[in-house]
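The following account concerns a protein model and the pockets found in it. Which residues and which secondary-structure elements form their linings?

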Amino acid sequence: MSISDSLQSLRASGSDGALLTEAVLRQLRDEIFAGKLESGTSLSVPGLAARLEVSRSPVREAVQQLVVDGLAVYTPRAGAKVAHLDDEMLRHVFEVREVLDGLAAREATTRVTLADLAELWERVREQEAYLETSADHRRDADLDLDFHTAVRAHSGNKPLCDALFRLDTQSHLYRSDMWSHDVNRRLAVAEHRRIVGALEAGDADEAERAAKAHAAGVLVRLLRK
């Protein structure tokens, strides 16, 4: 079921406000990531509520969460609009991500179980299998995010995971064709393999180095014209 179908189903069933707010948030986030809601686009609560055919309350709460996540900015009297991420801000985001991802990988090293490692290797193998198919920007970006979310979760550090989630969310605002190039896809998967290999070996120093090197490499590839 698509996000739009899910939203329609929740409207029809009269689901509680929290579920409807989450569905609206997912819909708006998906439209921002897809470029349907471009940087600078006004996030008018009345307008969005009318378009999505829901009341203003869940839309207002969803827009407020977009501001918290860094996907939108709010200006008094002007209201909220989709945020903009330029080259300089992207560098700042990845400078922080590099350090935090390194810390997450280091902390995960002593916490991952054999089952966790098997699951991480399965994610890497899935990404490797897709290398034999045509590039799909959304699919490949989602697989990349899922991989990093899993590694970070094994750190057991929720504040760290929350901070990295916000950084990843913000980086989606940057428009790049990175995932359209086979060499970038193959480099990303090779770097993921290095991270999991270090976790499996119990080498916290190498896990941190691998995660930091991956973040640094992704930044270069995102900015490469």
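**The two pockets and their linings**

In this predicted model, 20 residues line the largest pocket, and those lying nearest its centre are A141, S171, H172, W179 and L222. Four elements give two or more residues each to this lining: helix 5 (87–109), helix 7 (137–153), helix 8 (158–171) and helix 10 (204–223). Helix 7 provides the largest share of the lining of the largest pocket, with seven residues. The volume of the largest pocket is about 370 Å³.

By residue class, the lining of the largest pocket consists of nine nonpolar, five polar and six charged residues.

Attention may now turn to the second largest pocket, which holds about 260 Å³ of space. Its lining is made up of 14 residues, and L145, T149, F165, D168 and T169 are the closest to the pocket centre. The elements that each supply at least two residues of the lining of the second largest pocket are helix 2 (17–34), helix 7 and helix 8.

Which element gives the largest share of the lining of the second largest pocket? That element is helix 7, which contributes seven residues. The lining of the second largest pocket divides into five nonpolar, three polar and six charged residues.

Read together, the two linings direct attention to particular helices. Helix 7 gives the largest share to the lining of the largest pocket and likewise to that of the second largest pocket. Helix 8 gives two or more residues to the lining of the largest pocket and at least two to that of the second largest pocket.

Technical notes: Residues numbered from 1 in each chain as written. Predicted model: local features only at pLDDT ≥ 70, side-chain atom pairs only at ≥ 80, totals over all residues. Heavy atoms only, no water. 1 Å grid on protein atoms, 1.4 Å probe; cavity = no way out; pocket = protein on both sides within 12 Å on 5 of 7 lines; lining within 4 Å. Points joined across faces, edges and corners; volume = space filled by probe spheres on them. Nonpolar A, V, L, I, M, F, W, Y, C, P; charged D, E, K, R; others polar.
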